[in-house]
Amino acid sequence: MRKGMVALTTAGLLATVGLSACGDSSGDDSGSGSGTSGAGKVGVILPDTKSSARWATADLTYLKEAFAAAGVEADIQNAQGDKTAFQTIADGMISAGVKVLMIVNLDSGTGKAVLDKARKAGIATIDYDRLTLSGNADYYVSFDNVKVGELQGQGLVDCLAEKKYTKPVVAELNGSPTDNNATLFAQGYDSVLDPKYTDGTYLKGPNQDVPDWDNTQAGTIFEQMLTSNKEIKGVLAANDGLGNAAIGVLRKNKLNGQVPVTGQDATVQGLQNILAGDQCMTVYKAIKKEADAASQLAIALAKEQKPTTATGTTKDPESGKDIPSVLLTPVSITKANVKDVIADNYVTKEELCKAEFAKLCADAGIS
């Protein structure tokens, strides 16, 4: 795992945001709608559809709804994990004269190049979900990502305690080394796990980054981990996709349910794994709140208004600049409170409780 973890500081957390505007137009993932407010156009570049299901479902849907409600024209596109495509999309949006550009970078180098071009063109910029190191975006909207990691670390501690394992070997499947969020998650969970390694309560097992959050690579990596160390008793997986990859390997070795595995994103698959007893916990990030916060900033900038919601700051560890930020609060989800994710309308009962999961949902109080 990379050393020199960076610190994320906040001057305040904004737990909820609201949108109060109206209109009848919308953007979509391949083009734009026609705004009615006289505001400038907003360009949004999402990263991929592979690392997490959220980018093609939750974020896209909520952003489109928010811009449509405000009558602001938006062009929302997905780079599909391709750095060249990311830059090409950005060039097109800049040439088209967007007033605001919001990005989820694929890596800081590519993201910085895009933000630099936008700045030269006089375009306001927003880092969405991931901070672009040295990118110096005008605003940053995300969750408290160190806290996400702390919840994961504590979740694994709690689950290992339930298993009553003595000196369990813990493996860590970290996120992409090019994603600053992965660094922050690791900072959080290592702050919980490192003292356990130091005092001998846990034994530190294999620890590896997963390039591009690639779930297939994660499965291969974890299979190699388990082959080299059969005594692994816990897996800190940085998100649900990596967790599911590990669970697949554990299932093949008839160890699923015996080895606690963490996650993040509260995906349908992750929640089903929790209901089945194969995953210990996940971290729920209310994506609608994040999308609403980002779109609220973008809408204000598109209308040449001064945003008022970015009450926190995040220090860019490379440039040293304090970026005005909206940082939201994540929530730990276990079998005991899976129903809260449904109550928040993030996942529907119909999606979660299919086939063999119907009884598991009922047993978990999901009615």
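**View 1. Strands β7, β6 and β8 form an open sheet of three strands, in the order β7-β6-β8, with parallel pairing.** The strands at the edges are β7 (203–209) and β8 (232–237), each of which pairs on one side only. On average, neighbouring strands of this sheet are turned by 20° against each other, direction ignored. Here strands count as paired if DSSP finds at least two bridges between them. Strands (E, at least two residues) and helices (H or I, at least four residues) are DSSP runs, numbered from the N terminus.

A word on the model before we go on: this is a predicted model, in which local features need pLDDT of at least 70 and side-chain atom pairs count only at pLDDT 80 or more, while totals for chains, interfaces and linings use all residues. Residues are numbered from 1 along each chain as its sequence is written, and side-chain values use heavy atoms, with hydrogens and water left out.

**View 2. Strand β6 (residues 169–174) runs parallel to β8, and five bridges join them.** To find your way, start at V169, whose bridge partner in β8 is I232. Helix α4 (residues 145–163) packs on the sheet and touches β6 and β8; contact means heavy atoms within 4.5 Å. The direction of α4 makes about 160° with that of β8. Such angles run from 0 to 180 degrees between N-to-C directions, using axes that are lines fitted to C-alpha atoms, for helices over the stretch in contact.

**View 3. Strand β1 is covered on both faces.** On one side sit V42, V44 and L46, and on the other G43 and I45, all of them buried. Buried means under 20% relative accessible area, exposed over 50%, and partly exposed in between (1.4 Å probe, protein chains only). Follow I45 to meet two other strands: this residue stands opposite Q77 in β2, and its bridge partner in β3 is I103. β1 pairs with strand β3 (residues 100–103) in the parallel sense, over four bridges.

**View 4. β1, helix α1 (residues 58–70) and β2 make a right-handed β-α-β unit.** Right-handed means that, with the strands pointing away from the viewer, the path from the first strand over the helix to the second runs clockwise. Strand β1 (residues 42–46) and β2 pair in the parallel sense over five bridges, and V44 has I76 as its bridge partner in β2. Strand β2 (residues 74–78) is mostly covered, with four of its five residues buried.

**View 5. Q80 and D265 are two loop residues with positive phi, though neither is glycine.** Q80 lies in the loop between β2 and α2 (83–95), and its phi is near 50°. Q80 is partly exposed, with a relative accessible area of 48%. D265 belongs to the loop between α7 (240–252) and α8 (268–275), and has a phi near 105°. D265 is buried, at a relative accessible area of 7%.

**View 6. N273 is a buried residue of helix α8.** Its relative accessible area is 7%. The side chain of N273 makes a polar contact with the side chain of N244 (3.0 Å). A polar contact is a pair of N or O atoms within 3.5 Å; within protein, one must be able to donate a hydrogen and the other to accept it, and residues adjacent in sequence count only if both atoms are side-chain atoms. Leaving aside neighbours within four places in sequence, N273 is in contact with N244, I247, R251, D278 and Q279.
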